[in-house]
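Me: Could you take a close look at the helix packing in this one, and then at a few single residues in loops and helices? I'd like the cut-offs spelled out as you go.

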Amino acid sequence: MSSAVAGKPVSSTSPPRVHPAFEWVSSKPIESLNLVVEQYRHGKTGAAYYHLASEDPENVFLVALRTVPTDSTGVAHILEHTVLCGSERYPVRDPFFMMIRRSLNTFMNAFTSSDWTAYPFASQNRKDFNNLMDVYLDAVFFSRLHELDFAQEGHRVEFVEADNPQSELQFKGVVFNEMKGAMSSPTSTLWQTLTKYLFPTTTYHYNSGGEPEQIPDLSYRQLKEFYHSHYHPSNAVFMTYGDIPAAEHQQRIHDLALSRFDRLEVNIAVADEKRYHAPLRVEESYALDEPGEIDNKTHIVIGWLLGRSTHLKEQLEAHLLEGVLLDDSASPLRHALETTDLGSAPSPLCGLEPSNREMSFVCGLEGSRAEHADALERLVLEVLHKVADEGIAPDRVEAVLHQLELSQREISGDGYPYGLQLILEGLSSAVHRGDPAAVLDLDPVLEELRELIRDPDYIPRLVRERLLDNQHRVRVTLVPDAGLAARRDQAEAERLAALRARLDDAQRLQVVQQAEALAQRQQQVDDPGVLPKVGLEDIPVDMHIAEGEQGSAADSPASFYPQGTNGLIYQQVVVDLPQLEGPALDTLPLYTHALTQLGCAGQDYLSVQALQTSVSGGLSASSSLRGGVADVQALKGCFVLSGKALVRNHGALSKLMRDTLAAPRFDELGRIRELIAQQRARREQSVTGNGHALAMLAASSGLSSGAALSHRLRGLAGIKALKQLDDSLGETASLQALAERFAAIHQRVLDAPRQFLLIAEAERLEQAREELHEAWSGQQGASSAYTPFARQPVQHQVREAWLTNSQVNFCAKAFPAVALEHEDAAALSVLAGFLRNGYLHRTIREQGGAYGGGASYDSDNAAFRFFSYRDPRLEETLHDFDRAVVWLMEEQHEWRAVEEAILGVISSIDKPGSPAGEAKDAFYNALYGRTPPLRRHFRQRVLQVSLEDLRRVGKTYLEAQRASVAVISGSTARERCEALGLEVKTL
């Protein structure tokens with residue numbers, strides 16, 4: 001992200017140039033974001049177009065269509081996939097993934113939301129940006145929608161032996177398997193169940209992603225009908241961001257797409273929901289196939305339907321209400337949910353959902369029992385009545401406004417590009433025909449709210465009007481059912497058996513022929529020359545690395561990075577990780593998670609949580625470990641205490657961080673117990689969404705000491721250990737022992753050498769350094785008791801299967817490789833993309849039906865990994881990993897494929913981050929030996945990789961007998977895993 005983002009804003013209120021096909025509607029400067037929101041309308045079609053004019057060279061494009069399903073067949077989701085499988089000007093089978101390889105994009109994807117479908121991309125290269133716009137516009141408005149692509153991406157039936165019509169039938173399809181994985185998550189099931197009852201008549205009643213049981217009901221004809229009724233410019237919203245003028249975008253959008261359409265008199269919209277006149281209480285089940293007692297795995301949530309999200313003041317009032325009730329542990333409703341014995345932790349659904357046409361507010365518990373539903377509802381209503389009767393302290397309300405202001409000002413962009421985040425913030429309003437510029441410009445409404453909160457009855461009135469007097473309230477009790485998954489599998493098997501019995505010989509032959517035709521289509525090699533591309537010649541000569549200055553503060557080394565942070569200051573205390581063994585080492589992630597959520601300096605955690613909310617954007621503690629650039633077994637680690645604040649609060653932030661480190665309250669045993677239960681719940685939920693990463697950690701765990709620790713502390717082994725610890729904390733003595741381990745770790749952290757990292761705008765750095773120095777001077781320095789962290793080398797094969805509550809698999813293989821400085825590191829990084837692009841995408845995703853699959857090179861742990869994500873297969877996928885290496889060695893390959901893999905690595909290296917993120921990236925890379933010269937040298941070596949290099953490193957490192965294997969699967973896969981020689985573990 002260019003620091004220009006936080007520079008001088010574009011100040012004009014009318015555009016310098018407008019394409020004649022478009023009408024200018026308005027221009028609204030937003031000073032706090034340093035941009036101007038320009039609104040246009042296409043004259044011929046009426047398409048809405050918003051341009052966020054900024055000085056940022058990372059330009060973003062998005063086109064969204066209002067998509068309003070009337071069932072749960074996943075039509076909008078399957079269409080999103082199928083649209084990207086070839087178009088009029090680009091009649092190749094897979095232009096989307098082909099363009100990912102032929103591009104320097106910083107983001108490419110497509111999203112299906114509950115009432116819109118969007119196609120966004122971002123790039124820093126103008127040629128690349130225009131290439132991508134050409135392909136995206138053609139895909140969205142002139143898609144081929146081939147029936148075989150629908151079969152591949154959506155659903156189809158095939159015989160288990162594809163060419164044997166006497167074998168059993170099975171359902172296949174990428175979206176079908178994706179949603180089986182998604183709906184394995186209890187949280188996803190809970191949300192879909194709640195919205196089904198909260199929205200009885202509108203589109204949100206349905207699962208826009210698709211329910212696995214209903215996806216096979218969607219026909220190809222229905223898919224095409226939905227496309228023709230929804231994918232029209234008159235139903236579209238275009239949004240762009242960056243330094244390319246709007247008129248240039250308008251020229252391409254008009255010439256390539258809109259000029260070929262006339263206005264369609266259509267008004268696709270979501271109606272207001274019909275309101276209940278009395279609260280509704282329902283109980284449903286979700287599948288949970290785990291050993292032991294499961295009755296205490298019940299989820300109970302209460303949801304209210306609020307007003308329209310397009311009304312900015314009403315939306316900000318809802319955010320204010322959410323903050324007052326739930327922002328931190330000192331907030332009354334969150335405090336009640338965290339401290340009650342009715343459940344283990346607040347529900348992950350707690351909070352405001354502002355993106356639908358009408359907003360919803362949700363609170364509740366997980367880890368509860370069905371018989372607690374009435375008691376929980378009474379508890380929630382008692383808290384709300386108390387707030388309505390007694391009000392909220394003014395400083396707590398002001399703290400919530402402070403959080404809204406901080407989130408408005410902060411320039412993010414370390415995940416999605418910053419411009420895309422801004423576009424997505426305004427998209428829902430644009431889709432619902434509101435004013436996205438108003439949604440982005442919070443300052444005027446924040447000022448209005450500051451006046452309103454001076455009335456002590458303002459918050460109580462909101463609680464009464466929006467919640468207590470609101471009869472459109474739904475309570476959902478979601479009870480675990482150990483037999484539900486088996487019954488669903490049985491129902492699917494019976495459905496397929498009945499379908500098979502109805503097939504005559506001609507229809508059976510048709511199923512065989514479709515499978516054969518799809519296999520041939522998947523094997524066909526399209527001419528990539530029909531697609532635009534960038535090449536190595538378009539890659540910038542150098543990479544951007546943020547630069548800082550070394551100095552000192554409070555008698556410790558300090559690094560100062562001047563970055564365009566838009567009025568925020570970021571401070572970190574970086575401590576050399578001390579030696580930890582046994583239980584203390586296992587406790588490290590629990591200690592870092594708890595540290596900033598406990599009391600400190602004589603104050604209890606409620607007071608400290610309230611203080612954090614009022615003066616900071618939050619405090620957090622973490623630890624990190626990385627192998628050496630020459631020897632990954634030579635580990636270096638650090639403990640980090642992080643905080644951020646608006647400039648005016650940095651002095652208070654510094655004192656709060658000092659007190660957090662100097663005098664934490666490890667005597668708050670009840671609070672520690674709550675935090676462990678909450679962390680368990682979050683980490684258990686992470687498996688279905690992050691299974692591929694967890695499987696790769698497990699497979700790599702025998703390849704280096706760092707990988708072994710990652711698996712032990714934050715991988716599957718860590719989750720299992722956390723569950724066992726949580727189960728053991730019923731006794732006060734065990735809780736006291738845990739608190740004592742926290743204190744012992746903390747003393748070692750205090751004894752260790754430390755340094756500071758400070759990131760702020762250049763003109764603010766000196767003041768920030770003085771505030772840091774004032775707060776931290778006189779604190780304990782490094783002690784002779786400090787012993788640096790060290791581990792013994794690890795090198796052994798792993799063959800593991802982890803069984804959990806999942807309808808799909810996550811497969812991984814890992815091979816020992818080399819560290820970053822080794823001459824083969826660059827080739828291995830390119831090889832990962834080469835294998836993904838050329839072989840794994842086709843075999844794992846297209847043919848195998850997994851939602852994703854690929855390979856990666858991990859230089860920190862000297863490991864080369866293969867993976868699959870939400871995969872219906874297991875043994876076959878592991879074999880495909882091996883066959884990928886055979887394909888590399890035996891097939892003929894074009895230089896083009898090597899160039900595409902190089903482009904992917906360079907795009908990843910050069911991807912911009914937020915101003916603060918880029919500074920942290922530079923600091924920590926240097927701290928761990930990844931100096932700017934080393935990083936630039938590695939990048940240069942990537943550009944020089946040849947096909948011969950790829951074959952050489954493939955032959956050298958990817959020998960099948962050296963592979964480690966780890967898979968995550970459901971409990972029914974035990975015998976299959978044992979047959980593969982895997983050690984079976986239950987999560």
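Reply: Here goes, helix pairs to begin with and single residues after that. One thing up front: this is a predicted model, so local features need pLDDT of at least 70 and side-chain atom pairs count only at pLDDT 80 or more, while totals for chains, interfaces and linings use all residues. Residues are numbered from 1 along each chain as its sequence is written, and side-chain values use heavy atoms, with hydrogens and water left out.

Two packed helices are described by the angle between their axes and the distance between the axes. The axes are lines fitted to C-alpha atoms, for helices over the stretch in contact, with angles running from 0 to 180 degrees between N-to-C directions. Helices (H or I, at least four residues) and strands (E, at least two) are DSSP runs, numbered from the N terminus.

Take helix α9 (residues 312–326) and helix α15 (residues 443–452): their axes are 11 Å apart, at an angle of about 60°. α9 and α15 are therefore oblique to each other; under 35 degrees counts as roughly parallel, over 145 as roughly antiparallel, 65 to 115 as roughly perpendicular, and the rest as oblique. On the α9 side, Leu312, Lys313, Leu316 and Glu317 make the contact, and on the α15 side it's Val445, Leu446, Glu448, Leu449 and Leu452 (contact means heavy atoms within 4.5 Å). Sorted by class, that's 6 nonpolar, no polar and 3 charged residues. For the classes, Ala, Val, Leu, Ile, Met, Phe, Trp, Tyr, Cys and Pro are nonpolar, Asp, Glu, Lys and Arg are charged, and the others, Gly among them, are polar.

Now the pair α22 and helix α25 (residues 732–751), which pack at about 90° with axes 10 Å apart. That makes α22 roughly perpendicular to α25. Leu669, Ile672, Arg673 and Ile676 of α22 meet Leu735, Gln736, Leu738, Ala739 and Phe742 of α25, and the contact has 7 nonpolar, 1 polar and 1 charged residues.

α22 also turns up among the elements that the buried residues of α20 pack against, together with α10 (332–339), α12 (394–409), β20 (619–626), β21 (636–646) and α21 (650–662). Those buried residues of helix α20 (residues 605–615) are Tyr605, Val608, Gln609, Ala610, Gln612, Thr613 and Val615. Buried means under 20% relative accessible area, exposed over 50%, and partly exposed in between (1.4 Å probe, protein chains only).

On to single residues. Asn356 sits in the loop between β14 (351–353) and β15 (358–368) and counts as buried at 4% relative accessibility. Its side chain makes a 2.9 Å polar contact with the side chain of Ser114. A polar contact is a pair of N or O atoms within 3.5 Å; within protein, one must be able to donate a hydrogen and the other to accept it, and residues adjacent in sequence count only if both atoms are side-chain atoms. Leaving out residues up to four places away in sequence, Asn356 touches Ser114, Asp115, Phe199, Tyr204, Ser309, Ser428 and His432.

Asp921, in helix α30 (residues 915–927), is partly exposed at 38% relative accessibility. The side chains of Asp921 and Arg935 are joined by a polar contact of 2.9 Å.

Finally, a bit of backbone. Most residues other than glycine have a negative phi. Asn34, though not a glycine, has a positive phi of about 55°; this residue is in the loop between β1 (22–30) and β2 (35–42) and is buried, with a relative accessible area of 9%.
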